[in-house]
Amino acid sequence: MNKQQIEYVLTEVRKLTFENPFGHERAERESRMLQQLGAHPGEKHPLKLASSSFRRLLPWIRSTEEALLKRLKTQALEEKWKDHASCLAFFALYHEVANDLDRLINSRTDDSQQNRQLYTKIQQGVAARHRLIEGMTERIWNQPDHLFACFYQLRRAFHYIHNEIIGDSAPIRRLRMQVWESVFTKDMMSYQQWMYHAVGRFPTLILGPSGSGKEIVARAIGLSRFIPYNVKAGRFEASALTSFHPVNLSALTETLIESELFGHRKGAFTGATQDRAGLFASAGSYGTVFLDEIGDVSHATQVK
């Protein structure tokens, strides 16, 4: 690849990295890149959960990375391209391990051996790209465990939004975009740098009549939260599969709502034979509670 092609891909990949994968801008950018670059002589990338056009584009990104790494053996990277090269490394490594992440998600277990193997692969991927990220101080490059957690969250979010919000109509496509943004915000760069812990604590209001799929949306959001990876244990700090806790408030009395959400002491009311933690406590730091039909609950209870 020549210098002009490398710089073109660097510029576009930096934008791809932080674009909503369900947005029309992303699809249009991929199409323009393929038109500009043409057909790649190699095979399509074997990424499973991706469009055909994106699989055709990924070999160009891999070739760009290889060409840039080769150039960096003999010459330093210009300052203006350092951030772009870091984005290329992030984007390429993420898609290099994407199928492994899919297997981790689909296994529905927190297998420490599988986790450690993938963590090692990510460490090796970072080491192989050290020239692309030289001088970068972001946490993702200095702490591979954080990078693993970021990759795992990104892939889980894509997996659940793509697979559980079904349909191809314009409203459904807009809904997928909105759900993605409710998890990562519209500023993916800031999210990855410092917002990843805070956003999970913000409440999300989901509106729609009964039967419209509010719980499906809530589940996609709840299963997409950031969960740190514990290197020593070889496990994530919480299980994504057990982190979503829906409760239908319209099926409970006012007293039982308080007990369900906040817990109760033994003897607090008839039938309270022992202390019980509420959902807000038992969900843990990385859990999500979905308050279904909260609009049917009295205002006095809602404000609690």
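Start by selecting R29: at 11% relative accessibility, this residue counts as buried (buried means under 20% relative accessible area, exposed over 50%, and partly exposed in between, using a 1.4 Å probe and protein chains only). You'll find R29 in helix α2, residues 24–37. Helices here are DSSP runs of H or I with at least four residues, strands are runs of E with at least two, and both are numbered from the N terminus. Now show what touches R29. Leaving aside neighbours within four places in sequence, R29 is in contact with E12, K15, L16 and E19, where contact means heavy atoms within 4.5 Å.

Before you click on, know that this is a predicted model, in which local features need pLDDT of at least 70 and side-chain atom pairs count only at pLDDT 80 or more, while totals for chains, interfaces and linings use all residues. Residues are numbered from 1 along each chain as its sequence is written, and side-chain values use heavy atoms, with hydrogens and water left out.

**Next stop: S63**

Select S63, which sits in helix α3, residues 52–71. Is S63 buried or exposed? At 17% relative accessibility, S63 counts as buried. Setting aside its neighbours within four places in sequence, S63 is in contact with M1 and H40.

**The two cysteines**

Now pick C87 and C150. A disulfide is a covalent bond between the sulfur atoms of two cysteines. The rule used here asks for a pair of cysteine sulfur atoms within 2.5 Å, and by that rule the count comes to zero disulfides. Why is C87 not bonded to C150? The sulfur of C87 is 13 Å from the closest cysteine sulfur, in C150, and that is too far for a bond. Check how covered they are, too: C87 is buried, with a relative accessible area of 5%, and C150 counts as buried at 6% relative accessibility.

**Helices that pack: α5 and α8**

Time for some helix pairs. Two packed helices are described by the angle between their axes and the distance between the axes. The axes are lines fitted to C-alpha atoms, for helices over the stretch in contact, and angles run from 0 to 180 degrees between N-to-C directions.

Select α5 (residues 98–107) and α8 (residues 144–164), which pack at an angle of about 70° with their axes 10 Å apart. The two are therefore roughly perpendicular to each other. Here's the naming scheme: angles under 35 degrees count as roughly parallel, over 145 as roughly antiparallel, 65 to 115 as roughly perpendicular, and the rest as oblique.

The crossing of α5 and α8 is right-handed. A crossing is right-handed if the near helix is turned clockwise from the far one by less than a right angle, and left-handed if anticlockwise.

Turn on side chains to see who meets whom: A98, L101, D102, L104, I105 and N106 in α5 meet F148, F151, Y152, R155, R156, H159 and Y160 in α8. By class, this contact of α5 with α8 has eight nonpolar, two polar and three charged residues. (Ala, Val, Leu, Ile, Met, Phe, Trp, Tyr, Cys and Pro count as nonpolar, Asp, Glu, Lys and Arg as charged, and the others, Gly among them, as polar.)

**α11 and its partners**

Keep α8 on and add α11 (residues 214–222). α8 and α11 pack at an angle of about 165°, with their axes 8 Å apart. That makes α8 roughly antiparallel to α11. Zoom in on Y160, I161 and E164 in α8, which meet I216, R219 and A220 in α11. The residues of this contact of α8 with α11 divide into four nonpolar, no polar and two charged.

Now swap α8 for α9, residues 170–184. The axes of α9 and α11 come within 9 Å and cross at roughly 40°. That makes α9 oblique to α11, and α9 passes α11 in a right-handed crossing. Which residues meet in α9 and α11? L175, V179, S182 and V183 in α9 meet V217, A220 and I221 in α11. Sorted by class, the contact of α9 with α11 has six nonpolar residues, one polar and no charged.

**Last stops: L205 and α12**

Head to L205, in the loop between α10 (188–195) and α11. L205 is exposed, with a relative accessible area of 67%. Select D296 as well: L205 and D296 are 91 residues apart in sequence and 14 Å apart in space, C-alpha to C-alpha.

Finish at helix α12, residues 254–262, where I257, S259 and L261 are buried. What covers the buried residues of α12 includes β3 (244–248) and α13 (279–282). Then click G263, which follows α12 and has a positive phi, near 85°.
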